[in-house]
Amino acid sequence: MIQKTREQFIHLFEKEPLMVVSPGRINLIGEHTDYNDGFVLPAAIDKKIVYAIALNNTQQCNAHAVFTNETVSFSLADVKPTPGWINYLMGVVNQLQERGLPVQGFDCVISGDIPVGAGMSSSAAIEGGLVAALDHLFGYGLDRMQMALIGQKAEHTFPGVKCGIMDQFANLHGKKDQVMRLDCRSLEFEYFPFNFPGYKVVLCNSMVHHSLASSEYNVRRLQCEEGVKAIQANHPAVKSLRDADMKMLNEVRDQISAKVYDRCNYVIAEIQRVQDATTLLKQGNLQQFGELMYATHEGLSKLYEVSCPELDFLVSLARQREEVAGARVMGGGFGGCTINLVKAEKVTEYVAFIKSRYQDQYGKEPEVYVTTIEEGVTVQPLAVSY
Ligand code: GLA
């Protein structure tokens, strides 16, 4: 894909591009915890966005997307929220401009194999790839966390999703065969080997297209803030659900709606689960780690209400199989993928089982991806031979 993208760029723009590979991500556990100052356990994967990009000495940006086969242009003097994938590029450019970093025109070709709306964070990959490319081309000297924060802010201001930092962080900090535990409050992080030898991370795509921007994601965030506000009346030191416990939440049960109670209940438990899961991962305790994944799914489905019948069905299929240690809906939810830890030698059998049962139930075939854990965004300087 890298070579093809480069060739297409040379064909369209007649010069040699900089190549940037920008991965999607998985998250083993810790969902909807990032914007509550909690912990997450993500990793970058082999699904990716590829950029071929070069400066063009104008004030115009031209981007060709291989997945839609269209070329879109915008002027640096007119960067504003615009429908379509170009919004992610413009959001990043806007953030760089806002920070007073010099941006000049560029040409790029973008290709990729991250399914859109499947919970693997194609949008963070588009954002992170562009920030890293422009950082290289203009020599801004940004560190990876600054780049992640730029991507996150771009997502807030242009597509309007008030996301946490997990996706942009994972996209830019991934390391081969390592998962990361990020403290979303202090932004400190640690790498751990994916310590479950003989197991694969398998993603089952429900093919239900999620749309985080369609407001439900932002509603969840507001509900968490509502819970924090109620708790703060008794406990002023509580700044986010990270600081809260079930006792504090129960004190205000009568003052908040049942939905807000459920949302906070889930988040408080999930923040603790990530801590426990990290210990289990270090110990290589696959079985209990898997149980925590199922518990997360239960919470996401019943309390946080970001699952859907198709995802619940996929998790119920996983539960029937002894080769699966754990499974749950991954990412923002409302559709997209489940993440499954599956015994390597049984993966083929499992994939066939999922496909046939899902087809029987819903009349459509789910895509299934057996992933590997890879490096975060990589910038490949000019004159590399592929
Ligand atoms: C989306 C957001 C992330 C995170 C997850 C849920 O992927 O972009 O910040 O909140 O949902 O864990």
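Is Ile 114 buried or exposed? Select it and look: Ile 114 is buried, with a relative accessible area of 6%. Keep in mind as you go that this is a predicted model.

**Stop 1: around Ile 114**

Ile 114 sits in the loop between β6 and α3, the latter covering residues 122-138. Now add Ala 125 to your selection. Ile 114 and Ala 125 are 11 residues apart along the chain, and their C-alpha atoms are separated by 8.8 Å.

**Stop 2: strand β3 and its partners**

Next, pick residues 42-55, which make up strand β3. Most of β3 is covered, with 12 of its 14 residues buried. Show residues 18-27 as well: this is strand β1, and it pairs with β3 in the antiparallel sense over nine bridges. For a landmark in that pairing, click on Ile 26, which stands opposite Ala 43 in β3.

Then bring in residues 106-112, strand β6, which pairs with β3 over seven bridges, again in the antiparallel sense. Which residue of β6 is the bridge partner of Val 50? Click across from Val 50 and you land on Ser 111.

**Stop 3: the ligand**

Time to select the ligand and show what is around it. The residues surrounding the ligand are Arg 25, Glu 31, His 32, Asp 34, Tyr 35, Cys 163, Gly 164, Met 166, Asp 167, Tyr 217, Gly 331 and Gly 332. Colour that shell by residue class and you get four nonpolar, four polar and four charged residues.

Three of the side chains are worth a distance label:

- Arg 25 has a polar side-chain atom 3.1 Å from an oxygen atom of the ligand.
- For Asp 34, a polar side-chain atom lies 2.5 Å from a ligand oxygen atom.
- With Asp 167, the distance from a polar side-chain atom to an oxygen atom of the ligand is 2.7 Å.

Switch on a surface here if you like: the ligand taken alone exposes 310 Å², and the protein buries 96% of that.

Now zoom out and colour by domain. Where does the ligand lie with respect to domain 1 and domain 2? Domain 1 (2-193 + 374-380) and domain 2 (199-371) both give residues to the shell, so the ligand lies between them.

**Stop 4: a three-stranded sheet**

Hide the ligand and look for the open sheet with the strand order β2-β7-β8, where the pairing is antiparallel. β2 (39-40) and β8 (189-193) are the edge strands, and each has a single partner strand, so one side of each is left without a neighbour in the sheet.

Start at β2. Two bridges join β2 to strand β7, residues 178-183, and the two run antiparallel. Val 40 is a good residue to click on, as it stands opposite Leu 182 in β7.

Move over to β8. β7 and β8 are paired in the antiparallel sense over five bridges, and one facing pair to display is Arg 181 with Glu 190 in β8. Follow the chain from β7 to β8 and you trace a hairpin with five residues between the strands. Stop in the turn at Leu 187, which has a positive phi of about 65°.

**Stop 5: strand β11**

Jump to residues 337-343, strand β11, and select Thr 338 within this strand. How buried is strand β11? Six of its seven residues are buried, so β11 is largely enclosed by the rest of the structure. Thr 338 itself is buried, at a relative accessible area of 0%. Show side chains and you can pick out a polar contact of 3.1 Å between Thr 338 and Asn 340.

Add residues 199-205, strand β9: β9 and β11 pair in the antiparallel sense over seven bridges. Within that pairing, Lys 200 stands opposite Val 342 in β11. Then show residues 324-329, strand β10, which is joined to β11 by five bridges and runs antiparallel to it. Here you meet Thr 338 again, this time as the bridge partner of Val 329.

**Last stop: helix α2**

Finish by selecting residues 86-98, helix α2, where Ile 86 is found. Ile 86 counts as buried, at 5% relative accessibility. Draw one more distance, from Ile 86 to Ala 65: these residues are 21 apart in sequence and 9.2 Å apart in space, C-alpha to C-alpha.

How values were computed
Residues are numbered from 1 along each chain as its sequence is written. This is a predicted model: local features need pLDDT of at least 70, side-chain atom pairs count only at pLDDT 80 or more; totals for chains, interfaces and linings use all residues. Side-chain values use heavy atoms; hydrogens and water are left out. Buried means under 20% relative accessible area, exposed over 50%, partly exposed in between (1.4 Å probe, protein chains only). Helices (H or I, at least four residues) and strands (E, at least two) are DSSP runs, numbered from the N terminus. Two strands pair if DSSP finds at least two bridges between them. A residue is near a molecule or strand if one of its heavy atoms lies within 4 Å of it. A polar contact is a pair of N or O atoms within 3.5 Å; within protein, one must be able to donate a hydrogen and the other to accept it, and residues adjacent in sequence count only if both atoms are side-chain atoms. Accessible areas come from the Shrake-Rupley method with a 1.4 Å probe; for residues, only the protein chains shown count as cover. Ala, Val, Leu, Ile, Met, Phe, Trp, Tyr, Cys and Pro count as nonpolar, Asp, Glu, Lys and Arg as charged, and the others, Gly among them, as polar. Domain bounds come from an automatic or database domain assignment.
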